[in-house]
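Me: I'm new to reading structures, and I'd love a close look at a single part of this one. Could you pick a stretch, walk me through it slowly, and then show me how it fits with the rest?

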Amino acid sequence: MSALAQRRGHSARARGRLSWRSLPAAPVSLGAAAAAWELVGQVANASFFPPLTTVLGRLVDMASSGLIFSSLRDSLINLLLGFAISLFGGLAIGVAMGRYRKVEAALGVYVYALLTAPSLVFAPIFFSLLGEGRGSIVAVVVMYSMFVMIINTASAIQGVPAHLPEMARSYGAGEGQVLLRVLLPAAAPMIMAGVRLGVGRAVTGMINGEMFIAVVGLGRVVTQAGGRFDSASVLAVLLVIIAVALGAVALVQAVDRRITRWVPKTARGDR
Amino acid sequence: MIEIRELRKTYVGQDGGLVEALHDVDLDVRPNEFLTVLGPSGCGKTTLLKCVAGLIPWDDGDILIDGTPVRGPGPDRSMVFQNFALLPWATVLDNVAFGLRMRGVGRAEREERARVLIKKVGLAGFETKRPGELSGGMQQRVGLARALAVQPQVLLMDEPFGAVDEQTRRLLQEELLSIWEEHRLTVVFITHSMEEAVLLGDRVVLMSARPGQIAEIVPVPLERPRSSDVGALERSGQYVEITAYLWDRLRDMHEEHRPAKAAG
């Protein structure tokens with residue numbers, strides 16, 4: 001609250017003169033990047049790097065033909081399914097690994113191996129097991145996003161100070177109550193950090209899965225446009241993908257803020 | 001009330017060797033007694049308390065409460081922790097009601113009981129605050145209220161005022177005395193302060209380290225109630241005498257474990 005008051009004080013003081021402090025950072029940064037893109041595109045005049053206006057024009061074309069919406073819907077369903085499975089598996093396996101040493105010893109090596117392994121290596125296996133339909137793409141999304149959430153959840157649970165579960169046990173809490181009422185809430189801020197990473201990786205997994213395994217969704221549009229050397233279309237779809245990723249992360253952050261409102265003071269910069 | 005018989009507890013230390021935390025500890029805590037346990041660090045006093053709480057297993061011996069062997073945590077005991085052990089995301093009200101919630105008390109009843117205790121420890125008006133918004137002294141009041149809310153017969157306190165400043169500590173001691181004078185619970189209170197041990201206790205159990213065992217039990221024949229004038233009590237000859245005696249004993253224990261050069 002004091003940070004807010006301080007910030008309000010800043011802008012009030014800066015109102016009279018033009019100060020870089022009074023400029024909102026994110027829109028300025030985006031505006032500058034857009035201007036630079038347009039400028040470089042116009043000057044270079046190269047087919048592989050069209051200016052922003054051309055790309056936006058292509059995006060409008062794709063939107064009005066309905067192509068972008070049907071692809072986007074396919075992609076979002078893949079993303080949602082894959083991410084939901086990852087979240088559930090990530091929490092369950094992560095909590096088990098964080099809480100029980102034996103589980104960690106048994107599963108740790110696989111989790112770390114699969115975290116670092118290039119996930120697309122498994123694409124042919126999924127392809128032959130699950131066919132070229134939705135299943136394979138969802139499996140790739142899970143491979144991309146689940147392991148980082150497992151590892152963060154496990155570390156978060158291990159980081160809960162021992163006196164909290166001990167306190168709960170002293171009041172007769174069983175293992176289930178200790179998990180639900182103490183360990184999970186205490187670990188929530190760090191678990192959410194893992195979920196944010198997981199969302200980003202899920203979007204990557206979705207596009208890669210669509211491009212390399214089954215040609216559906218946004219990935220298909222990119223693959224086809226790429227085959228035609230149609231850079232404007234590729235970049236237009238890229239903008240949509242970025243929007244999807246940012247939207248997903250914003251959604252997770254909104255949930256995060258609700259869950260971790262209690263975190264007292266952080267080192268988050270307020271300058 | 002509490003009978004501790006030949007209690008032994010050994011654990012593996014950081015260097016891999018065995019550490020004898022408790023060696024044949026025999027102790028009776030009388031009903032409604034305020035017992036303080038004093039000793040150098042590493043004498044096993046916290047281990048002893050956690051055994052009584054049923055939080056950690058021991059190797060040999062028995063702990064009986066009203067004749068029933070301790071097998072784990074139970075509703076007859078509650079604990080106040082040195083580092084408060086509050087849930088940082090929960091409000092004062094939810095923290096105080098936590099023990100009742102774990103025992104399956106419904107929301108309306110546990111909140112009503114929690115509010116009574118919050119008032120008793122002087123935190124009325126702070127029900128919706130979170131621990132991060134409270135001072136250390138206020139946090140431990142929450143810890144005390146949480147322990148009292150489950151209406152235990154035995155209150156186990158593990159250096160509860162060790163982490164607060166001196167002035168707050170004195171206020172908390174006075175309040176604990178007046179709460180105890182009203183409710184007459186059985187209290188086992190761990191401390192490393194001679195003054196605190198004498199001020200609060202009916203008897204002071206002096207423990208020595210390596211192995212952890214009871215060196216002596218010192219009765220404190222100071223008059224009760226003590227909460228009304230703690231200052232006068234601390235100037236009384238008896239109080240000064242007992243604390244001085246305890247310090248002599250503690251200093252001997254420290255000398256024994258000191259490097260040889262200090263002997264001369």
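Reply:

**A stretch of chain A, and what lies around it**

Let's begin with residues 76-97 of chain A: this stretch is 100% helix and 0% strand, and its end C-alpha atoms are 30 Å apart. Please keep in mind as you look that this is a predicted model.

Why pick this stretch? UniProt, in an unreviewed entry, lists residues 76-97 of chain A under "transmembrane region", along with 109-130, 137-158, 178-199, 211-229 and 235-255. You can try the same kind of look on residues 235-255 of chain A, where the chain is 100% helix and 0% strand and the end C-alpha atoms are 30 Å apart.

Now widen the view a little. Helix 4 of chain A runs over residues 67-99, so try colouring that whole range. Which helix does helix 4 of chain A cross at roughly 130°? The partner is helix 10 of chain A, residues 217-227, and the two axes come within 6 Å. An angle between 115 and 145 degrees falls in the oblique class, and helix 4 and helix 10 of chain A are therefore oblique to each other.

If you zoom in on that crossing, you can name the residues that meet. From helix 4 of chain A come A:L67, A:S71, A:L72, A:D74, A:S75 and A:N78. From helix 10 of chain A come A:G217, A:L218, A:R220 and A:V221. Sorted by class, this helix-helix contact has 4 nonpolar, 4 polar and 2 charged residues.

How does this fit into chain A as a whole? Chain A has 11 helices and 0 strands, which you can write along the sequence as α-α-α-α-α-α-α-α-α-α-α. Of the 271 residues of chain A, 34% count as buried. Among the contacts in chain A with a separation of 6 or more, 74% are between residues 24 or more positions apart.

It's worth asking how confident the predictor is here. Chain A has a mean pLDDT of 86, with 89% of its residues at 70 or more. Among the elements of chain A, helix 8 has the highest mean pLDDT, 96, and helix 1 (residues 2-14) the lowest, 47. Over residues 1-5 of chain A the pLDDT stays under 50, and the model has 1 contact for them beyond four places in sequence. Residues 7-15 of chain A are also below 50, with 6 contacts beyond near neighbours in sequence.

Helix 8 of chain A brings us to the other chain. Where chains A and B touch, the contact takes 15 residues from chain A and 19 residues from chain B. Helix 8 (163-170) and helix 9 (175-212) of chain A each supply at least two residues to chain A's side. Helix 8 of chain A gives the largest share of that side, 7 residues. By class, the side of chain A that touches chain B has 9 nonpolar, 4 polar and 2 charged residues. For the model as a whole, the scores are ipTM 0.91 and pTM 0.83.

Chain B makes a nice contrast to look at. Its average pLDDT is 92, and 97% of its residues score at least 70. UniProt, again in an unreviewed entry, places "domain: ABC transporter" at residues 2-234 of chain B. That span is 33% helix and 27% strand, and its end C-alpha atoms lie 29 Å apart.

Before you close the viewer, here are some backbone details to hunt for. Most residues other than glycine have a negative phi, and most peptide bonds are trans. A:N45, in the loop between helix 2 (25-44) and helix 3 (52-64) of chain A, has a positive phi near 50°. Is A:N45 buried or exposed? With 9 C-beta neighbours inside 10 Å, A:N45 counts as exposed. In chain B, B:D24 has a positive phi too, near 45°, and sits in strand 2. B:D24 is partly exposed, with 15 other C-beta atoms within 10 Å.

For a cis peptide bond, go to B:R210 and B:P211, where omega is near -5°. B:P211 lies in the loop between strand 9 (203-208) and strand 10 (213-219) of chain B. From B:P211 you can step across to B:E20, whose contacts beyond four places in sequence are B:T10, B:P211 and B:G212. Another cis bond joins B:R224 and B:P225, with omega about -5°, and B:P225 is in the loop between strand 10 and helix 7 (230-235) of chain B.

Terms used
Residues numbered from 1 in each chain as written. Chains lettered and ligands numbered in written order. Predicted model: local features only at pLDDT ≥ 70, side-chain atom pairs only at ≥ 80, totals over all residues. UniProt positions renumbered as here; feature names shortened; annotations may be inferred. Helix = DSSP H or I, 4+ residues; strand = E, 2+ residues; numbered from the N terminus. Contact = placed C-beta atoms within 7 Å. Nonpolar A, V, L, I, M, F, W, Y, C, P; charged D, E, K, R; others polar. Buried ≥ 20, exposed ≤ 12 C-beta atoms within 10 Å, placed from the backbone. Axes fitted to C-alpha atoms, helices over the stretch in contact; angles between N-to-C directions. Parallel < 35°, antiparallel > 145°, perpendicular 65-115°, else oblique. pLDDT = per-residue confidence, 0-100.
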